[in-house]
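Here is a short tour for someone meeting this protein model for the first time. Have a look at the picture, then read on.

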Amino acid sequence: MISAYQGCGQTDYTGHEYVYTYVAETSGTVTIDLDEPGIFSTDLDIFVLADEGLGCNPASCVAWSTNVVEWDAEAGTTYYVVVDGYEEAIGEYSVEMSCE
């Protein structure tokens, strides 16, 4: 379980995280939108970790946000997109990704 993302300066993420892998086929801007349905959204955030030879390492965080995250991906690089709950938050969500 990851509880801190040192590369992005974030701590207290003690909820269960879900990790998705993305390999950039070309260089360009990638946007990921985290949608939490319902009247009361949970406190889920989204983190992007670049694989710098250490796999899914929270110290390699390149971007984070509460709902929409955007970063400049490099072709051939593996990224781990992590949805994690702040202070044990859990809940339903959907993720939508677009590349430019």
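What follows goes from the whole chain to its strands and then to a few single residues.

## The chain as a whole

Keep in mind that this is a predicted model. Its secondary structure is easy to list: the chain has zero helices and seven strands. Read from the N terminus, the order of elements is β-β-β-β-β-β-β. The radius of gyration is 13 Å, close to the 13 Å that the globule rule gives for 100 residues, so the chain is as compact as a globular protein of that length. If you lay the C-alpha trace along its principal axes, it spans about 35 × 25 × 20 Å.

What about inside and outside? Of the 100 residues, 39% count as buried. The chain exposes about 5,700 Å², and carbon and sulfur atoms supply 47% of that area. Now take the contacts with a separation of 6 or more: residues 24 or more positions apart account for 75% of them.

## Strand S2 and its two partners

Strand S2 covers residues 28-35, and it's a good place to start looking at pairing. S2 pairs with strand S5 (residues 68-73) in the antiparallel sense, over six bridges. S2 also pairs with S7, again in the antiparallel sense and over six bridges.

You can pick out a residue pair for each of these. Thr31 stands opposite Glu70 in S5. For Val30, the bridge partner is Cys99 in S7.

## Two aspartates in strands

Asp33 sits in strand S2. Is Asp33 buried, partly exposed or exposed? Its relative accessibility is 33%, so Asp33 counts as partly exposed; buried would mean under 20% and exposed over 50%. Leaving aside neighbours within four places in sequence, Asp33 is in contact with Asn67, Val68, Ser94, Val95 and Glu96. To get a feel for distances, compare Asp33 with Glu74: the two are 41 residues apart in sequence and 19 Å apart in space, going from C-alpha to C-alpha.

Asp45 is found in strand S3, which runs over residues 44-50. With a relative accessible area of 3%, Asp45 is buried, because buried means under 20%. Which side chain does the side chain of Asp45 make a polar contact with? That would be Tyr13, at 2.3 Å. Tyr13 also turns up in the list of residues that Asp45 touches, once you skip those up to four places away in sequence. The others in that list are Leu34, Trp64, Ser65, Thr66, Val82, Val83 and Asp84.

## The loop between S6 and S7

Two glutamates are worth a look here. Glu87 lies in the loop between strand S6 (78-85) and strand S7 (94-99), and Glu88 is found in the loop between S6 and S7 too.

What is there to see in their backbone angles? Phi of Glu87 is near 45 degrees, a positive value in a residue other than glycine. Phi of Glu88 is positive as well, near 70 degrees, and Glu88 is likewise a residue other than glycine. As for the surface, Glu87 has a relative accessibility of 52%, so it counts as exposed. Glu88 comes in at 60% relative accessibility and therefore counts as exposed as well.

Methods
Residues numbered from 1 in each chain as written. Predicted model: local features only at pLDDT ≥ 70, side-chain atom pairs only at ≥ 80, totals over all residues. Heavy atoms only, no water. Helix = DSSP H or I, 4+ residues; strand = E, 2+ residues; numbered from the N terminus. Buried < 20%, exposed > 50% of the residue type's maximum accessible area, 1.4 Å probe, protein only. Contact = heavy atoms within 4.5 Å. Polar contact = N/O pair within 3.5 Å; in protein donor to acceptor, adjacent residues only side chain to side chain. Rg over C-alpha atoms; globule rule 2.2 N^0.38 Å. Areas by Shrake-Rupley, 256 points an atom, 1.4 Å probe, with all protein chains shown as cover. Pairing = 2+ DSSP bridges.
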